[in-house]
Amino acid sequence: MPETTTEPFWRVKTLREMSPSEWESLCDGCGKCCLHKLQYEDTDEIYYTDVACRLLDLGTCQCSKYAERQRHVPDCVALRPDKVMELNWLPSTCAYRLVANGQPLAWWHPLVSGDPNSVHAAGQSVLGRAVPEKKADILDHHIVTWPA
């Protein structure tokens, strides 16, 4: 009898084909998308800052009010399969972006490693690297290169 190899859902399904639980599990919990970004009108360049959204729990890298985040932060962008490719500010390590481009997930992604803390252990999250929104003064003073 031939061996049956079952490929992980993210390798065989498009973002649009994923169930809600599969979609949510793609998030590695890095918190990078929850950092404030600056886009300069004259160049359209996007710069990341180390300033976290006020809803981001800096101890867990999770949104403290995920289900109702748009109500509390009206400009919070809800990721959707049809929007992923338009969001040029998503970090290069973002699983949604990687899957949309047919690329593999990183070894530290919890779906690959089996460990929800591997993203932090690999230094790929904002854990210990971001400042609360209320402690940031001028965003231009908080530009960083590491989230990209």
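In the predicted model, aspartate 44 is situated in the loop that runs between strand E1 (35-39) and strand E2 (46-52). The backbone of aspartate 44 adopts a positive phi of about 65°, although this residue is not a glycine. Aspartate 44 also belongs to a patch of negative charge on the surface, in which it is gathered with Glu41, Asp42 and Glu45.

A positive phi is likewise found at cysteine 61, another residue other than glycine, where the computed value is near 65°. Cysteine 61 lies in the loop between strand E3 (56-57) and E4, and strand E4 (62-63) is in turn one of the elements that each supply at least two residues to the lining of the largest pocket.

The largest pocket encloses about 900 Å³ of space. Its lining comprises 36 residues, of which Cys33, Cys34, Cys76, Val77 and Trp89 are the closest to the centre of the pocket. Besides E4, the elements that each contribute at least two lining residues are helix H2 (20-25), E1 and helix H4 (95-100). The largest share of the lining, three residues, is provided by E1. Strand E1 therefore appears in two parts of this description, since, by the assignment of strands as DSSP runs, E1 borders the loop that holds aspartate 44 and also supplies residues to the lining of the largest pocket.

Notes: Residues are numbered from 1 along each chain as its sequence is written. This is a predicted model: local features need pLDDT of at least 70, side-chain atom pairs count only at pLDDT 80 or more; totals for chains, interfaces and linings use all residues. Side-chain values use heavy atoms; hydrogens and water are left out. Patches are made of residues with over 30% relative accessible area and no salt bridge: like charges are joined within 9 Å, nonpolar side chains (Val, Leu, Ile, Met, Phe, Trp, Tyr) within 5 Å. Accessible areas come from the Shrake-Rupley method with a 1.4 Å probe; for residues, only the protein chains shown count as cover. A salt bridge is a side-chain nitrogen of Lys or Arg within 4 Å of a carboxyl oxygen of Asp or Glu. Lys and Arg count as positive and Asp and Glu as negative; His and the chain ends are not counted. The place of a charge is taken as NZ of Lys, CZ of Arg, CG of Asp or CD of Glu. Helices (H or I, at least four residues) and strands (E, at least two) are DSSP runs, numbered from the N terminus. On a 1 Å grid over the protein atoms alone, a cavity is a set of points where a 1.4 Å probe fits but cannot get out, and a pocket is an open set with protein on both sides within 12 Å along at least five of seven lines; lining residues have an atom within 4 Å of a point. Grid points are joined across faces, edges and corners, and a volume is the space filled by probe spheres set on the points.
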